[in-house]
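Colleague: I'm new to reading protein models. Could you walk me through one, feature by feature?

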Amino acid sequence: MTAVDGRVLRGERNREAIAEAMVACYEAGILRPSAAEVARRAGVSARSVHNHFADMEALIAEVARRQWARLAHLTDGPDPGAPAPERVAGLVERRAALFETATPVRRAALLSAHESPTIAANLARLDRTLRRQIRRTLAPELAGRRADLLDALDALLSWDVWNRLRSAQGCSAARARRILVVSVTTLLKGTSP
């Protein structure tokens, strides 16, 4: 029984190491790593990668599942009874934490979304979840307003805008957060019903 338990534990450790190695590849900018590259980083054989995952899409799906489990709490909203400035700041803070952590995996997912139904579905689910977060967090400000306002907030608070601020415009995370808080606040004040 001990030998079996030892093999099971080793298998679980290897599976964990493989998933973490995939994330390490993404963080190193290797957005389409081979099984051999993942195995090298995990300290296992390439065969071990194939033993634990049917194909690279299955491994990518596992990485996405693990990341969702780690980051799902960031899709909750701030206290709905808090004043609007606190809710806006809390919403932006959660988005920043989510996007800062998820960016390497998101970049890799975007490369494969067009050929992977699993990845496309995961990205769509996240988009829907984040839109609901805005709707819940800013419910008083959205009440009785045109749907265009929610659409604008959804676009403004997207990973795409965060990535542009951080990568293309070279903003620090703190500056990007400030820009988003000002932008959301201005949008909420400047729109009519």
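Colleague: Let's start with Val-88. Which helix is Val-88 found in?

Modeller: Val-88 sits in helix α5. One thing to bear in mind from the start: this is a predicted model.

Colleague: Is Val-88 buried or exposed?

Modeller: The idea is to look at relative accessible area, where anything under 20% counts as buried. Val-88 has a value of 3%, so Val-88 is buried.

Colleague: How far is Val-88 from Leu-149, in sequence and in space?

Modeller: In sequence, 61 residues separate Val-88 and Leu-149. In space, their C-alpha atoms are 14 Å apart.

Colleague: And what share of the residues in the protein is buried?

Modeller: Of the 193 residues in the protein, 39% are buried.

Colleague: Let's zoom out. How many helices and strands does the protein have?

Modeller: You'll find 10 helices and zero strands. Read from the N terminus, the order is α-α-α-α-α-α-α-α-α-α. For overall dimensions, the C-alpha trace spans about 65 × 40 × 30 Å along its principal axes.

Colleague: Since it's a prediction, what should I do where pLDDT is low?

Modeller: Where pLDDT is low, don't read the predicted coordinates in detail. Here the mean pLDDT of the protein is 91, and 96% of the residues reach 70 or more.

Colleague: Which elements have the lowest and the highest mean pLDDT?

Modeller: Helix α1, residues 2–27, has the lowest at 84. Helix α9, residues 159–168, has the highest at 97.

Colleague: Next up, salt bridges. Why can side chains of opposite charge pair?

Modeller: They can pair when their charged atoms come close. In this model the count comes to 14 salt bridges. Take Glu-37 and Arg-41: their side chains meet in one, at 2.8 Å from N to O.

Colleague: Where do Glu-37 and Arg-41 sit relative to each other?

Modeller: Both are in helix α2, residues 35–42. They are four residues apart, so about one helical turn separates them. As for cover, Glu-37 counts as buried because its relative accessibility is 19%, while Arg-41, at 34%, counts as partly exposed.

Colleague: Which residue forms a salt bridge with Arg-106?

Modeller: That's Asp-127, with the closest N and O atoms 3.9 Å apart. This pair links distant parts of the chain, since Arg-106 is in helix α5 (residues 84–112) and Asp-127 is in helix α6, 21 residues apart. Arg-106 is buried at 11% relative accessibility, and Asp-127 is partly exposed at 39%.

Colleague: What about Arg-131 and Asp-151: how far is N from O in their salt bridge?

Modeller: Their side chains meet at 2.6 Å, N to O. Arg-131 is in helix α6 and Asp-151 in helix α8 (residues 147–156), so the pair ties together parts 20 residues apart in sequence. Arg-131 is partly exposed at 22%, and Asp-151 is partly exposed at 37%.

Colleague: Which residues are linked in a network of salt bridges?

Modeller: Arg-15, Glu-16, Glu-62, Arg-65 and Arg-66 are linked that way.

Colleague: Now helix α1. What can you say about where Asn-14 and Glu-20 are placed?

Modeller: Asn-14 is in helix α1, and Glu-20 is placed there too. Asn-14 is partly exposed at 22% relative accessibility; for Glu-20 the value is 36%, again partly exposed.

Colleague: How far apart in space are Glu-20 and Arg-41?

Modeller: From C-alpha to C-alpha they are 8.8 Å apart, with their positions 21 residues apart in sequence. For another pair, try Asn-14 and Asp-151: 137 residues apart in sequence and 43 Å apart in space, C-alpha to C-alpha.

Colleague: Last feature: surface charge. Which residues gather in a patch of positive charge?

Modeller: Look on the surface for Arg-125, Arg-128, Arg-132, Arg-135 and Arg-136. Arg-136, for one, lies in helix α6, residues 117–137.

Colleague: Why does Arg-136 count as partly exposed?

Modeller: Partly exposed covers the range between under 20% (buried) and over 50% (exposed). Arg-136 comes in at 47% relative accessibility, so that's its label.

How values were computed:
Residues are numbered from 1 along each chain as its sequence is written. This is a predicted model: local features need pLDDT of at least 70, side-chain atom pairs count only at pLDDT 80 or more; totals for chains, interfaces and linings use all residues. Side-chain values use heavy atoms; hydrogens and water are left out. pLDDT is the predictor's confidence in each residue, from 0 to 100. Helices (H or I, at least four residues) and strands (E, at least two) are DSSP runs, numbered from the N terminus. Patches are made of residues with over 30% relative accessible area and no salt bridge: like charges are joined within 9 Å, nonpolar side chains (Val, Leu, Ile, Met, Phe, Trp, Tyr) within 5 Å. Accessible areas come from the Shrake-Rupley method with a 1.4 Å probe; for residues, only the protein chains shown count as cover. A salt bridge is a side-chain nitrogen of Lys or Arg within 4 Å of a carboxyl oxygen of Asp or Glu. Lys and Arg count as positive and Asp and Glu as negative; His and the chain ends are not counted. The place of a charge is taken as NZ of Lys, CZ of Arg, CG of Asp or CD of Glu. Buried means under 20% relative accessible area, exposed over 50%, partly exposed in between (1.4 Å probe, protein chains only).
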